[in-house]
Amino acid sequence: MNSYKTIIKIRPDVRFGKPCVRETRISVYDVLSWLASGMTQEEITEDYPELTATDIQACLAYAADREQRIRVA
């Protein structure tokens, strides 16, 4: 999913420039940590109705893209 670029936004005035979902203050890190703690997509969207399943997939795609770019010296 390369379309995460339309969903994940980095704004210096929101959450100290951390990547966030659209116009929310919910960061990619927040979403990933909820998933890592065992929450399902359904539980996340129930707790945070401003998020969609597409938003969660965009967070995963963003993280995967960042992981691919990490270089080991």
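Arginines, an aspartate and an acidic patch

With a relative accessibility of 24%, Arg 15 counts as partly exposed, a class that lies between the buried limit of under 20% and the exposed limit of over 50%. The model in which this value was computed is a predicted one. Arg 15 sits in the loop that runs between strand β1 (8–10) and strand β2 (19–21), and its backbone there takes a positive phi of about 50°, although the residue is not a glycine. Most residues other than glycine have a negative phi.

A second arginine with a backbone of this kind follows in the loop between β2 and α1, where Arg 22 is found. Arg 22, which is not a glycine either, has a positive phi of about 40°, and because its relative accessible area is 29%, Arg 22 is classed as partly exposed.

From these loops the path leads on to helix α1, which spans residues 28–36 and holds Asp 30. The relative accessibility of Asp 30 is 15%, and therefore this residue counts as buried, since the class takes in values under 20%. Once its neighbours within four places in sequence are left aside, Asp 30 is in contact with Arg 15 and Arg 25, so that the aspartate of helix α1 touches the arginine of the loop between β1 and β2, where contact means heavy atoms within 4.5 Å.

Helix α2, covering residues 41–47, contains Glu 42. Together with Glu 43, Glu 46 and Asp 47, Glu 42 forms a negative surface patch.

Terms used: Residues are numbered from 1 along each chain as its sequence is written. This is a predicted model: local features need pLDDT of at least 70, side-chain atom pairs count only at pLDDT 80 or more; totals for chains, interfaces and linings use all residues. Side-chain values use heavy atoms; hydrogens and water are left out. Patches are made of residues with over 30% relative accessible area and no salt bridge: like charges are joined within 9 Å, nonpolar side chains (Val, Leu, Ile, Met, Phe, Trp, Tyr) within 5 Å. Accessible areas come from the Shrake-Rupley method with a 1.4 Å probe; for residues, only the protein chains shown count as cover. A salt bridge is a side-chain nitrogen of Lys or Arg within 4 Å of a carboxyl oxygen of Asp or Glu. Lys and Arg count as positive and Asp and Glu as negative; His and the chain ends are not counted. The place of a charge is taken as NZ of Lys, CZ of Arg, CG of Asp or CD of Glu. Helices (H or I, at least four residues) and strands (E, at least two) are DSSP runs, numbered from the N terminus. Buried means under 20% relative accessible area, exposed over 50%, partly exposed in between (1.4 Å probe, protein chains only).
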